[in-house]
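Take a look at the chain shown here. Follow the briefing with the structure open beside you.

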Amino acid sequence: MTEIALTKIDVLRNLPVLKICVDYRYKGQRIEYPPQGENALAEVEPIYEEMPGFSEDISTCKHFDGLPYNVQKYIQRLEALTQVRISYVSVFLTSPALYHSCPGQGFFVCFFSEAFPCRYFPLSRTKALTA
C-alpha cells in the first residue's frame, strides 16, 4: 500500500476521545494482528491509543491546514502507525453550493450515492488532482 484515502473523518466530530486500535491482547499476550483461529476473536481484547476529539465543523474544509489541530494530529498519528501516507481526506457535503469539481483548487466531489455526496481533498503535501 502506498497511499490511503481517509473517508468520513467528519463522523468523528463531537467524540470526546478518538481511539486507534494499535494492538490486541490474546491469551495474556500482546499481539499485532488478531488471531485467525475459529472463535479466537471472542477472546481478543483490542488495545487502544487515545487522542483528543474535536467539535469543529469540517464539512467545508478544502485543505489540511484548514482542519482543526486535533484532526491534523490524528491523521499524522495514523500515518506514523501505518507507515503509509494519507493523501486524501473526505468529508460529507452539507451545502449544495459545494457540489462542483475544482481540480485546480485541490479538491473534487464524488458521490457514494445521490443521498450521500462527499468531497475528497488532498492533504497539503500532495499535488492537486487532475480528475
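The briefing below goes from the overall fold to the pocket and then to single residues.

This is a predicted model. The protein chain has one helix and seven strands. Buried residues make up 37% of its 131 residues.

**Overall fold**

- Along the sequence, the elements of the protein chain run β-β-β-β-α-β-β-β.
- That pattern holds one helix. The helix, α1, covers residues 69–82.
- Among the strands are β1 at 3–6, β2 at 17–26, β3 at 29–31, β4 at 44–52 and β5 at 85–92.

**The largest pocket**

- The largest pocket holds about 300 Å³ of space.
- Which residues line the largest pocket? They are I20, C21, V22, D23, Y24, E32, Y33, L78, L81 and T82.
- Two elements, β2 and α1, each give at least two residues to this lining.
- Strand β2 supplies the largest share, with five residues.
- Sorted by class, the lining has seven nonpolar residues, one polar residue and two charged residues.

**Rings and charge**

- How many aromatic pairs does a search of the whole structure find? The search finds zero.
- One ring has a charged partner: K19 lies over the face of Y48. The distance from K19 to the ring centre is 5.2 Å.

**Two serines**

- S59 sits in the loop between β4 and α1.
- Is S59 buried or exposed? S59 counts as buried because its relative accessibility is 3%, and the cut-off for buried is under 20%.
- The side chain of S59 makes a polar contact of 2.9 Å with the side chain of D57.
- S87 lies in strand β5.
- S87 has a relative accessible area of 0%, so S87 is buried.
- The side chain of S87 has a polar contact of 2.5 Å with the side chain of E3.
- Another polar contact, of 3.3 Å, joins the side chains of S87 and R85.

**A proline in a loop**

- P34 is found in the loop between β3 and β4.
- Why does P34 count as partly exposed? Its relative accessibility is 26%, and partly exposed means between the 20% limit for buried and the 50% limit for exposed.
- P34 and E45 are eleven residues apart in sequence. Their C-alpha atoms are 9.2 Å apart in space.

**Positive phi angles**

- N14 is not a glycine, yet it has a positive phi of about 75 degrees.
- Where is N14? N14 sits in the loop between β1 and β2.
- N14 is exposed because its relative accessible area is 53%, and exposed means over 50%.
- Q83 is also a residue other than glycine with a positive phi, near 60 degrees.
- The loop between α1 and β5 holds Q83.
- With a relative accessible area of 72%, Q83 is exposed.

**Recap**

- The fold has one helix and seven strands.
- Strand β2 gives the largest share of the lining of the largest pocket.
- S59 is buried, and S87 is buried.
- N14 is exposed, and Q83 is exposed.

Notes
Residues numbered from 1 in each chain as written. Predicted model: local features only at pLDDT ≥ 70, side-chain atom pairs only at ≥ 80, totals over all residues. Heavy atoms only, no water. Phe/Tyr/Trp six-rings, centres within 6.5 Å; stacked < 30°, edge-to-face > 60°. Lys NZ or Arg CZ within 6 Å of the ring centre and 35° of its normal. 1 Å grid on protein atoms, 1.4 Å probe; cavity = no way out; pocket = protein on both sides within 12 Å on 5 of 7 lines; lining within 4 Å. Points joined across faces, edges and corners; volume = space filled by probe spheres on them. Helix = DSSP H or I, 4+ residues; strand = E, 2+ residues; numbered from the N terminus. Nonpolar A, V, L, I, M, F, W, Y, C, P; charged D, E, K, R; others polar. Buried < 20%, exposed > 50% of the residue type's maximum accessible area, 1.4 Å probe, protein only. Polar contact = N/O pair within 3.5 Å; in protein donor to acceptor, adjacent residues only side chain to side chain.
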